[in-house]
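Me: I would like to go through some of the terms used for this structure. Please give the reason for each one.

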Amino acid sequence: MTALILRDVRLAARAGGSAMLALAFFAAVATLVPLGVGADLRLLARIAGGVLWVAAMLAALLALDRLFQADFEDGSLDVIALGPLSLEQTSFAKIAAHWLTTGLPLTILSPLLAVLFGLPSQAIGALFLSLLIGTPAVSAIGAIGAGLTLSIRRGGLILPLIVLPLLSPAVIFGAGTVLSALDGLRNGALPLLTAFSFAACVLSPFATAAAVRLNLGS
Amino acid sequence: MLRYANPARFMKLSSTLVPWLGGLALVALAAGLYLGFAAPPDYQQGDTVRIMFIHVPAAWIAMMAYGLMALASLIGLVQRHPLADVAAKAAAPLGALFTALGLITGSLWGRPMWGTWWVWDGRLTSFLLLLFLYLGYIALWNAIEDETRAARAAAILALVGAVNLPIIEFSVDWWTTLHQGESILRKGGPLIASVYLWPLALMALGYTLLFFTLWLLRIRTEIMTRRARNLMLAGEA
């Protein structure tokens, strides 16, 4: 399983890897928002949590269609399925690799962008923490969508449509954490986000494996 | 229940059921509408209170349709009954339709009552997300060519959505209580007077019957389409 994770991480990091692209996309979207709503730092600080959360989620979704697609097309997915790992374990490894190459780098980049949005330091900490905890849920639920749309030629547009509504709790809790930190409040957003993320990571490999299995036709 | 999973038996049973259900639906809807228009205008909302009779049942059916779709998906996934797959597929556009109807009538009601077409209230937002869930389900079904494969993929999606729906509902409610102030939107008074309750109940009954009529009709259409296609394929071969 570790070998599979490492293989996927290496693939993403090298030639035309999705990791750098997702980061660049994230930064580009975050740059466009002030151009759209104006440069008022008070307003930007207010919306930073939501904007960065949505941008990070879209960036992570962009890399999702590569999750199984490339392996499916060149046949390595069949080889992996025949190997010693169950499809559930494979799905978990894929989710982990996807998170390591998109969710984690996005989280690490986010404080920098948050500074550009004029977010005060306690809210930056909350944003970092919420992304660190919440992005695994994006990878996990996204993987279900990637598994379901595996055999579709142009699955690129369907994938976000089926995944985004399912991810709305992550945005709500994630951006809610930042907002309440901004107001100096304590509330239940972060524990709820943690619960959501854990549940997604535990349950998703089973749904993902079922989806992949039916597309492999076994 | 599973005795009727045989398509031939289902076709026979549904062909007798559809006219009855449809007739009853028409009667209930006509009576409900009549009572609805006969009811006195609300002391606060005036005549717009009548929108409730077409709005609230639509919302109920929209949720019921998702439940039935998920149930049919589960049966289809576990028992591999083609009829259950067809039933789930047929429920989705109806659910989307009733969701859209609920959103539109709600918006029309919100304009005179709240002074705005749309509020980011918990109910409204979670219904909008429900609509997207339906649309994603329909899109997924249409995108996969192989029918059994499409059925199973869509069933997995429907079940994942069914698990996630309560969480979405909860998170959206929680989100709106976080942002206090914009939306203190509690309907009418504490209790609905019986002049309003009766038409509402009749309309709810009518909507439910209408849903089942249309659902059965759609399932029948789907089965007949598949039969026709099989006949055509057999003719070509």
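**Reasons behind the terms**

Reply: In this predicted model, helix H9 (residues 168-182) of chain A packs against helix H10 (residues 189-216) of chain A at an angle of about 155°, and their axes are 8 Å apart.

Me: Why is H9(A) called roughly antiparallel to H10(A)?

Reply: Angles over 145 degrees count as roughly antiparallel. The angle here is about 155°, so H9(A) is roughly antiparallel to H10(A). The crossing of H9(A) past H10(A) is left-handed.

Me: Which residues of H9(A) and H10(A) make the contact?

Reply: H9(A) contributes Pro169(A), Ala170(A), Phe173(A), Gly174(A), Gly176(A), Thr177(A) and Ser180(A). From H10(A) come Ala189(A), Leu190(A), Leu192(A), Leu193(A) and Phe196(A). By class, the residues of this contact are 8 nonpolar, 4 polar and no charged.

Me: What makes Ile108(A) partly exposed?

Reply: A residue is buried with 20 or more other C-beta atoms within 10 Å and exposed with 12 or fewer. Ile108(A) has 13, so it is partly exposed. Ile108(A) is placed in helix H6 (residues 87-116) of chain A. From C-alpha to C-alpha, Ile108(A) and Phe128(A) are 7.4 Å apart in space, and they are 20 residues apart in sequence.

Me: How many residues does each chain give to the contact between chain B and chain A?

Reply: Chain B gives 23 residues and chain A gives 19 residues. On the side of chain B that touches chain A, helix H4 (122-143) and helix H5 (147-178) of chain B are the elements that give two or more residues. H5(B) supplies the largest share of that side, 14 residues. The side of chain B that touches chain A has 17 nonpolar, 4 polar and 2 charged residues.

Note on methods
Residues are numbered from 1 along each chain as its sequence is written. Chains are lettered from A and ligands numbered from 1 in the order in which they are written. This is a predicted model: local features need pLDDT of at least 70, side-chain atom pairs count only at pLDDT 80 or more; totals for chains, interfaces and linings use all residues. Two residues are in contact if their C-beta atoms, placed from the backbone, lie within 7 Å. Helices (H or I, at least four residues) and strands (E, at least two) are DSSP runs, numbered from the N terminus. Ala, Val, Leu, Ile, Met, Phe, Trp, Tyr, Cys and Pro count as nonpolar, Asp, Glu, Lys and Arg as charged, and the others, Gly among them, as polar. Axes are lines fitted to C-alpha atoms, for helices over the stretch in contact, and angles run from 0 to 180 degrees between N-to-C directions. Angles under 35 degrees count as roughly parallel, over 145 as roughly antiparallel, 65 to 115 as roughly perpendicular and the rest as oblique. A crossing is left-handed if the near helix is turned anticlockwise from the far one by less than a right angle, and right-handed if clockwise.
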